[in-house]
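Please open the structure in your viewer and keep the sequence beside it, as this tour goes from one selection to the next and says what is to be found at each stop.

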Amino acid sequence: MSQDGATAMDWKKDGQSTNPTGNGIGNCIRNGSNGVVYPPYSSHRLRLNPSVDHKPDNYDDLQLDFSPLLFSSLERYLPPALLNSSRDQKVHYMREILLRYFPEGERTRVQKHREYRQKIISNYQPLHRELYTMHAQNFFVPSFLKAISENSEESFRNIMCEPSPGVFTFEMLQPRFCEMLLAEVENFERWVRETKFRIMRPNTMNRFGAVLDDFGLDAMLEKLMEDFIRPISRVFFTEVGGSTLDSHHGFVVEYGMDRDVDLGFHVDDSEVTLNVCLGKQFSGGELFFRGVRCEKHVNVETQPEEIFDYAHAMGRAVLHRGRHRHGARATTSGQRINLLLWCRSSVFREIRKHQKDTSSWCAECQRNKKERQRQAIAATKLELLKRGATAI
């Protein structure tokens with residue numbers, strides 16, 4: 001991906017590259033319909049910064065080997081010459097880019113997971129079908145809906161607390177929704193036991209719980225991310241792709257004496273994480289947060305101001321960066337079940353491969369940068385004092 005905010009190469013209609021570096025990529029493909037010259041597949045690249053005023057096409061009606069939302073999200077990052085070309089041309093261009101980052105083995109894994117998911121959906125009978133499509137008025141508390149409809153930082157902060165930098169808590173889910181989702185999960189787990197169907201657990205850390213996307217709730221959760229979490233993330237988490245969230249992993253985790261008891265110190269495989277307690281009666285199970293870190297500094301010591309513990313309450317959400325280090329203390333009695341939505345940005349993940357400066361979101365990188373600046377200022381002052389002394 002180009003790092004200077006422009007396309008990797010400016011393409012003229014006469015087929016000549018204006019690339020001043022002379023990198024040898026000069027064999028272009030001319031499109032006969034509009035005369036625009038496109039680069040060969042090996043040089044397909046995206047822009048670092050999106051064309052914010054461009055309205056992307058909808059790709060839902062196409063049979064694609066990647067999510068239609070991924071294509072819509074990537075389209076804003078296409079070279080300017082491609083933005084107004086046909087949808088087929090844009091799909092072809094973006095698909096070639098995606099294929100470079102998803103090798104055949106990964107695509108095979110994805111296809112097998114689709115087949116696994118389809119087998120579940122074809123056989124499992126939902127208990128509460130109203131959960132499977134978004135009914136915002138029935139799912140969310142009025143204060144949350146009002147904040148989303150006003151869609152401003154002020155409206156979001158009116159319903160939120162930020163007890164620790166980058167950790168936002170707010171009332172979100174109605175009790176009835178929590179009860180129905182709990183019942184649906186219990187119904188699914190009963191079906192699993194009765195049919196002896198072997199299911200995939202939510203992640204490598206939790207031995208209990210279920211992936212909600214796998215038994216049909218993915219469309220509803222996609223709407224949750226798109227229409228409710230992304231507007232908030234666009235305001236508070238823009239530096240980690242909050243405005244370009246385009247995929248998710250939705251699941252429930254279960255804690256108790258006969259379930260997972262606690263969860264160790266970790267970061268999530270997400271850009272933004274939504275965590276909402278569904279119930280039931282329990283003691284303990286607090287989340288503990290210990291600061292945001294990039295991959296390089298994930299194991300660096302915690303600063304005193306980064307220490308924060310959060311106690312769950314039914315229907316109340318906590319929203320944070322996926323790279324915010326955290327864990328869960330032991331649930332000492334009862335049973336605690338939480339809804340997790342890991343929200344991801346394919347665009348940010350592509351950018352991060354080339355990103356050298358992560359001080360916009362990694363707290364340790366920020367401290368190191370400030371220390372380098374402090375040392376540079378001190379060295380400059382010392383040099384000026386030496387020059388002054390010499391002059392005297």
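Which helices each supply at least two residues of the lining of the second largest pocket? Before selecting anything, bear in mind that this is a predicted model. The helices to select are α1 (68–75) and α9, each of which supplies at least two residues of that lining. Of these, α1 gives the largest share of the lining of the second largest pocket, namely four residues.

Now add Pro56, Ser72, Ser73, Arg76 and Arg230 to the selection, as these lie nearest the centre of the second largest pocket, which is lined by 20 residues. The space in this pocket comes to about 470 Å³, and the residues of its lining divide into seven nonpolar, five polar and eight charged.

The next stop is a group of rings. Select Tyr116, Tyr124, Phe188, Trp191, Phe197 and Phe215, which form one aromatic cluster. The structure has 21 aromatic pairs by the rule used here. One of them joins phenylalanine 188 and phenylalanine 215, whose rings are stacked, with 4.1 Å from centre to centre and 15 degrees between the planes. If you follow the chain from one partner to the other, you pass from helix α8 (residues 175–195), which holds phenylalanine 188, to the loop between β5 (210–211) and α9 (218–236), which holds phenylalanine 215, so that the pair links distant parts of the chain, 27 residues apart. Both phenylalanine 188 and phenylalanine 215 are buried.

A second stacked pair appears when you select phenylalanine 265 and phenylalanine 288, where the centres are 6.4 Å apart and the planes differ by 5 degrees. Because phenylalanine 265 lies in strand β7 (residues 263–266) and phenylalanine 288 in strand β10 (residues 287–292), the pair ties together parts that are 23 residues apart in sequence. Are these two rings buried or exposed? Phenylalanine 265 is partly exposed, with a relative accessible area of 42%, while phenylalanine 288 is buried, with a relative accessible area of 13%.

Turn next to the enclosed spaces, for the structure holds four cavities of 30 Å³ or more. The largest cavity has a volume of about 150 Å³, and to find it you can select Tyr255, Leu263, His266, Asn275 and Leu340, which lie nearest its centre among the 19 residues that line it. The elements that give two or more residues to this lining are β6 (247–256), β7, β13 (324–328) and β14 (331–344), and β14 provides the largest share, four residues. By type, the lining of the largest cavity divides into nine nonpolar, eight polar and two charged residues.

The last stops concern the backbone. Most residues other than glycine have a negative phi, and most peptide bonds are trans. Select glycine 279 and lysine 280, and look at the peptide bond from one to the other, which is cis, with omega near 0 degrees; lysine 280 lies in the loop between β8 (272–279) and β9 (282–284).

Then select asparagine 151, which is not a glycine and yet has a positive phi of about 50 degrees. Asparagine 151 is in the loop between α6 (142–150) and α7 (153–159), and it counts as partly exposed, at 43% relative accessibility. Finish with lysine 196, another residue other than glycine with a positive phi, here near 55 degrees. Lysine 196 lies in the loop between α8 and β5 and is exposed, with a relative accessible area of 72%.

Technical notes:
Residues numbered from 1 in each chain as written. Predicted model: local features only at pLDDT ≥ 70, side-chain atom pairs only at ≥ 80, totals over all residues. Heavy atoms only, no water. Phe/Tyr/Trp six-rings, centres within 6.5 Å; stacked < 30°, edge-to-face > 60°. Buried < 20%, exposed > 50% of the residue type's maximum accessible area, 1.4 Å probe, protein only. 1 Å grid on protein atoms, 1.4 Å probe; cavity = no way out; pocket = protein on both sides within 12 Å on 5 of 7 lines; lining within 4 Å. Points joined across faces, edges and corners; volume = space filled by probe spheres on them. Nonpolar A, V, L, I, M, F, W, Y, C, P; charged D, E, K, R; others polar.
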